[in-house]
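This text looks at two places in a protein model: an enclosed space and a residue in a strand. Please have the sequence and the structure open while reading.

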Amino acid sequence: MGYRTFVAVGDSCAEGLDDPYPDRSQYRGWADFVAGRLAEDEPGFRYANLAVRGRRLDQIIAEQLPAAGRHEPDLIALFGGGNDVMSRGWDARTVARRVDAAIRQCTQIAPSVVTFTLSDIAHRMPFGHRMRPRVSALNDAIREASVSYGAKLVDLWPDQAAHDSRYFGPDRLHLSEAGHLRVAGHVLGKLGVPHEEGWLRPLPGRPTPANRLADLRWMWQEVLPVGITRLRNRLTGRSPGDGFLPKRPELLPMAFSEAQL
């Protein structure tokens, strides 16, 4: 099946952090790679990316899905839930209801829907095991809703790439270029679209092993600034992502070469 229109919705992982284009004008990411490949098979192909960093599932539902519906896409991909996991007011049942509503609405918007579980962060972050039950609960809800509504699930939880730090950016949370290419390969495989085999091939060599100094540097350079920003947002009543706009709000042509720049 060819796809003529594709819309990505979600949070920073759908927006493309941490994979900037070479000119650093904006982020690229797995959705751009998928769009570029789909464009090879459909001369009239068009693509929109409505994702905004920092957004929770309830915000994605309210802010992005109405716009996605107006585009009437053939294919929609939803990558979200990570910010719900990291929110202070975490409640598994509330998040499960958000997951169900988001995936249900996506299947009402497009005939083909792709969803994602989150990978296991416990392998790459000190104290990541404390967040593991939340990620597991979110993933269970995503799997259940995907089956219920007939969405195509890309299950990243068992992917061994989560053990390789090279698939992630400096914050150990967002994907690097290699990570986004790998996710794009998973998506295209789920859609039955041929793609570069190297996207899913293990990276050569071995990653630099973690050590206490690297962990301390990560805490100082990545975790502390985020913590300060979140505290400031809480004091001023702002939400993560406020002030940011989708990088590609309209359906526009997408050439394969554009994603490879």
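A cavity here is a set of grid points where a 1.4 Å probe fits but cannot get out, and a residue counts as lining if it has an atom within 4 Å of such a point. The model is predicted.

How many cavities of 30 Å³ or more does a search of the whole structure find? The search finds 1. The volume of the largest cavity is about 60 Å³.

The wall of the largest cavity is made by L57, L78, G80, V99, A102, I103, T115, F116 and I142. Two elements, α6 (92-109) and β4 (112-116), supply at least two lining residues each. The largest share comes from α6, with 3 residues. By class, 7 of the lining residues are nonpolar and 2 are polar, while none is charged. Glycine is counted as polar in this scheme.

The second place is N49, which lies in strand β2, residues 46-49. Is N49 buried or exposed? Buried means under 20% relative accessible area. N49 has a relative accessible area of 0%, so N49 is buried.

What does the side chain of N49 reach? The side chain of N49 comes to 3.0 Å from the backbone oxygen of A14. A14 is also among the residues that N49 touches when those up to four places away in sequence are not counted. The others in that set are A8, E15, A31, D32, P246, K247, R248 and P249.

Notes: Residues are numbered from 1 along each chain as its sequence is written. This is a predicted model: local features need pLDDT of at least 70, side-chain atom pairs count only at pLDDT 80 or more; totals for chains, interfaces and linings use all residues. Side-chain values use heavy atoms; hydrogens and water are left out. On a 1 Å grid over the protein atoms alone, a cavity is a set of points where a 1.4 Å probe fits but cannot get out, and a pocket is an open set with protein on both sides within 12 Å along at least five of seven lines; lining residues have an atom within 4 Å of a point. Grid points are joined across faces, edges and corners, and a volume is the space filled by probe spheres set on the points. Helices (H or I, at least four residues) and strands (E, at least two) are DSSP runs, numbered from the N terminus. Buried means under 20% relative accessible area, exposed over 50%, partly exposed in between (1.4 Å probe, protein chains only). A polar contact is a pair of N or O atoms within 3.5 Å; within protein, one must be able to donate a hydrogen and the other to accept it, and residues adjacent in sequence count only if both atoms are side-chain atoms. Contact means heavy atoms within 4.5 Å.
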